[in-house]
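Please examine the sequence and the three-dimensional structure shown below. The paragraphs that follow lead from one residue in the interior to the wider architecture.

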Amino acid sequence: FISKAKQTVSPIFFADKHLSIRNRSHKIGDENMIDVIIDNKITWFEGLIHKLDGPFQRANIITGLYSVYLLSQMIKIDETKIATFFPTLAESTRYIGRWQVLSKSPLTIADSAHNEGGLQIVLDKLKTFSTARFHIVLGFVNDKDVTKILSLFPKNATYYFAKANIPRGLDANALQESAAKIGLYGNSYRSVKEAFSAAKRSAKSDEVIYIGGSIFVVAEVI
């Protein structure tokens, strides 16, 4: 990023160095309330409400809001509209497939993180859950080296390997074989829906189902 900024003679800003958010204890249902602080001295918003969930959302919110703040220094922005829009951001933008809770019993989460960095954040969060077992519905595209990515996944889980219904989908049997080599075990299925159905049949109410690996896999269950 720094190199590209120099190349294009562009200013570069690292949002988390300039904007911080402070969570309030207030929480109603799936709503969170935050205060937004600029450069540790300007309170830009007090009690801004959002319903975004997931271990990556704090960084996303900081990046997005600071982008808007910088823009507001250049053009007129009605800040009351930001406060009105933010609580409905997910619905208004059709923001789906990121840490999307499909069911609470068993807890079922679909997340479209599909590279090493994104999956590391998501899986680190999953590992903090106190559950007897994870049931993981997994599929990838066939132009990705999955060896490193598979090594991020927990070994104390039951796996349901599937091929997304696209030409680029990685064959479920090939994925099952690659996973077994590093100690991840489970069955392969003809489709994502079959794999998901099998996970739902097997999972107890206090266990967790996670669907991921590819955007295309997540798309078939939401």
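In this predicted model, Phe140 offers a useful starting point. Setting aside neighbours within four places in sequence, Phe140 is in contact with Val146, Ile149, Leu150, Phe153, Arg168, Gly169, Leu170, Leu175, Gly213 and Ser214. Phe140 and Phe153 are the residues with the most contacts inside the largest nonpolar core, which has 26 residues. Two or more residues of this core come from each of α5, β6 (134-138), α6 (146-150), β7, α7 and β9 (208-212). The element that gives the most is α5, with four residues. Apart from this core lies another, of 19 residues, among them Ala15, Leu65, Tyr69 and Leu70. As a general principle, nonpolar side chains in soluble globular proteins tend to be buried together.

Leu65, Tyr69 and Leu70 also appear among the buried residues of helix α2, together with Gln57, Ile61, Ile62, Tyr66 and Ser72. This helix comprises residues 57-72, 16 residues in total, and reaches 22 Å from its first C-alpha to its last, close to the 22 Å expected at 1.5 Å a residue. An α-helix has 3.6 residues a turn, so residues three or four places apart point the same way. The reader may look for this spacing in the list of buried positions, which includes Ile61, Leu65 and Tyr69.

The view may now be widened to the whole protein. It has nine helices and nine strands, and its C-alpha trace spans about 55 × 45 × 25 Å along the principal axes. Of its 222 residues, 40% count as buried. Among contacts between residues at least 6 apart in sequence, 61% join residues at least 24 apart.

How are the strands of the open sheet ordered? Six strands form this sheet in the order β4-β5-β9-β6-β7-β8, and their pairing is mixed. At the edges stand β4 (100-104) and β8, each with a single partner strand, so one side of each is left without a neighbour in the sheet. From one strand to the next, the twist averages 15 degrees. In general, strands of a sheet pair through backbone hydrogen bonds, either parallel or antiparallel.

Both kinds of pairing can be followed here. At one edge, β4 and β5 pair in the antiparallel sense over four bridges, and a hairpin of two residues joins them. Within this pair, Val101 has Ile109 as its bridge partner, while Lys104 has Leu107. On the next step across the sheet, β5 and β9 pair in the parallel sense, again over four bridges; here Ala110 stands opposite Ile211 in β9. Helix α5 lies across β5, β6 and β9, and runs at about 175 degrees to β9.

At the other edge, strand β7 (residues 157-162) and strand β8 (residues 186-189) run parallel and are joined by four bridges. From β7 the chain passes through helix α7 (residues 172-180) to β8, and this β-α-β crossover is right-handed. One of the bridges of this region links Phe161 with its partner Ser188 in β8.

The loops contain several further points of interest. Ser112 is found in the loop between β5 (107-110) and α5 (116-126). Is Ser112 buried or exposed? Its relative accessible area is 12%, and Ser112 is therefore buried, since buried means under 20%. Leaving out residues up to four places away in sequence, Ser112 touches Gly97, Arg98, Ile215 and Val218.

Most residues other than glycine have a negative phi, and most peptide bonds are trans. Against that background, a few places deserve attention. A cis peptide bond, with omega of about -5 degrees, joins Ser105 and Pro106; Pro106 lies in the loop between β4 and β5. Asp39, in the loop between β2 (31-38) and β3 (42-50), has a positive phi, near 50 degrees. Arg94, in the loop between α4 (89-93) and β4, also is not a glycine and has a positive phi, of about 55 degrees. Asp39 counts as partly exposed at 35% relative accessibility, whereas Arg94 counts as exposed at 62%.

Note on methods: Residues are numbered from 1 along each chain as its sequence is written. This is a predicted model: local features need pLDDT of at least 70, side-chain atom pairs count only at pLDDT 80 or more; totals for chains, interfaces and linings use all residues. Side-chain values use heavy atoms; hydrogens and water are left out. The expected span of a helix is 1.5 Å times one less than its number of residues. Buried means under 20% relative accessible area, exposed over 50%, partly exposed in between (1.4 Å probe, protein chains only). Two strands pair if DSSP finds at least two bridges between them. A crossover is right-handed if, with the strands pointing away from the viewer, the path from the first strand over the helix to the second runs clockwise. Contact means heavy atoms within 4.5 Å. A nonpolar core is a set of buried Ala, Val, Leu, Ile, Met, Phe, Trp, Tyr and Cys residues joined through side-chain atoms within 4.5 Å. Axes are lines fitted to C-alpha atoms, for helices over the stretch in contact, and angles run from 0 to 180 degrees between N-to-C directions.
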